[in-house]
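Dear colleague,

Please find below the structure that I am handing over to you. My notes on what was found in it follow directly after.

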Amino acid sequence: MTSTTPAPAAATSTDRTATAAVTTSRRTIEYRSVPAPVPAPGTAVVRMASVTLCGTDAHIWDDDYATELPIIQGHEAAGTIVALDPTDQETSGWSLGERVAVSPMFYCGQCYACSVGRVNACRHMSVYGCYEDGSLVTEQAIPLQKLYRVPAGLDLSLAPLSEPTSIAMQAVNRGRAQVGERVLVSGAGPIGLLATLYLKDLGCDVTVADLNPSRLALAAGLGADRTLTVTPGDFPTAAQRAELDGLTGGDGPSLVIDATGAPASVAAGVDLVATAGRVVCVGISDAELRLTLRTLPVKEIDLLGSRNSQNLIGQALDLLDRHQEPIAPLLTHRFAFEDLDAAFATLVDPAAGVGKIAIDFSTSTSTSTGQD
């Protein structure tokens, strides 16, 4: 595996500036004028068009994440190439004006995980916007190998969803989903919803469980065959277990994707999954999970973790391109780049009904200035 590391910082021009949104301390974002990047060999300058926010962004904004502030957030991003190194412009196959999505993950290529092709679990992983400056900036210099062409027919505002879609696809791939398989997805947040879309694209029968009726409605719109409303402390109910048993001849679903990170949900999945089935945990939390050491060996299930993705951004873009209409409602809120305070406040508001929040740069007044 070839090592993939962040490119050296691009040269900067003294007569052009960009605007960066810097999270400086808990719930504090400052807009700063910074030198606009100039492309070093092997990089492109991307003018951002759209960045979507996720739960990790909320934790960083709340200074409750394993990163140091200040930082420029943003790891789900898409934009347009506005500058290339002259040699790259002639030989790289990339052109000015191309629409691109950003793969924000960097890996060392040398640790054990990387050596066996599991680069998504690299011990020394870095991610734009999480562990180093990211894409909440009007222009960013990005290695060419981290760019993916956005399909011509795909709305650029949907392209940043390729990053969470790739994470959902990784979880499904870890579970080795098969055509016609009965699958339970626990959690109808963005990852669970995008996993549902991918599972349906693969030809699976999908049941989605969640606490929130509006999220379950989104799941139905993405093709879920049925939805189950979760009552805290009482999942599955006797009726819900009977329904799942009826679908599976009493075996239970052969694959469970847990996108909650909640111990009770994972435990329920382990209980419900068929003997010799698979449970994939893609939801993350610091909560402790307790299981008896009888359940795993007696049922001989595969209990699997899933993190990030194995460079699936391109495949995710293809999936989004083919399913734009059902995906579009997932973008429940849009804010201009200048309105990040309101965007983050909405992101953490349980009453806001957030699916995904999109940050729109197209209406921004904080564009790059100076000579081109």
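**Aromatic pairs and their surroundings**

The structure, which is a predicted model, holds 5 aromatic pairs. One pair brings together F106 and Y128, whose ring centres are 4.9 Å apart and whose planes stand at 80°, so the arrangement is edge-to-face. F106 belongs to strand 7 (residues 105-106), whereas Y128 is in the loop between strand 8 and strand 9 (139-143); the pair therefore ties together parts that are 22 residues apart in sequence. Both partners are shielded: F106 counts as buried at 2% relative accessibility, and Y128 counts as buried at 6%.

F106 has a further neighbour in K146, which lies over the face of the F106 ring at 5.2 Å from the ring centre. A charge is also placed over a ring at W94, where the charged end of R149 sits 4.0 Å from the ring centre. Elsewhere, Y31, F337 and F361 form one aromatic cluster.

**The position of S126**

S126 is located in strand 8, which covers residues 126-127. Its relative accessible area is 13%, and because the limit for a buried residue is under 20%, S126 is classed as buried. Which residues does S126 touch, leaving aside those up to four places away in sequence? They are P104, M105, F106, Y131 and E132. F106, the ring residue described above in the edge-to-face pair, is thus one of the residues in contact with S126. With E132 there is also a polar contact of 2.6 Å between the side chains.

**Cysteines**

How many disulfides does the structure contain? The count comes to 0. For C54, the nearest cysteine sulfur is that of C130, at 6.7 Å, and C54 is in no disulfide. The cut-off for a disulfide is a sulfur pair within 2.5 Å, so the 6.7 Å between C54 and C130 does not qualify. C54 counts as buried, with 16% relative accessibility. C204 is likewise in no disulfide, and the nearest cysteine sulfur, which belongs to C281, is 18 Å away. C204 counts as buried at 2% relative accessibility.

**The chain as a whole**

The protein chain contains 12 helices and 19 strands. Its C-alpha atoms fill a box of roughly 70 × 45 × 40 Å along the principal axes. A compact globule of 372 residues would have a radius of gyration near 21 Å, and the value for this chain is 21 Å, so the two agree. Of the 372 residues, 52% count as buried. If one considers the contacts between residues at least 6 apart in sequence, 69% of them join residues at least 24 apart.

**A position in strand 1**

I would finally draw your attention to A18, which is found in strand 1 (residues 11-25). A18 is buried, with a relative accessible area of 1%. What is the distance in space between A18 and A36, which are 18 residues apart in sequence? From C-alpha to C-alpha, the two are 4.9 Å apart.

With kind regards

Terms used
Residues numbered from 1 in each chain as written. Heavy atoms only, no water. Helix = DSSP H or I, 4+ residues; strand = E, 2+ residues; numbered from the N terminus. Buried < 20%, exposed > 50% of the residue type's maximum accessible area, 1.4 Å probe, protein only. Polar contact = N/O pair within 3.5 Å; in protein donor to acceptor, adjacent residues only side chain to side chain. Contact = heavy atoms within 4.5 Å. Phe/Tyr/Trp six-rings, centres within 6.5 Å; stacked < 30°, edge-to-face > 60°. Lys NZ or Arg CZ within 6 Å of the ring centre and 35° of its normal. Rg over C-alpha atoms; globule rule 2.2 N^0.38 Å.
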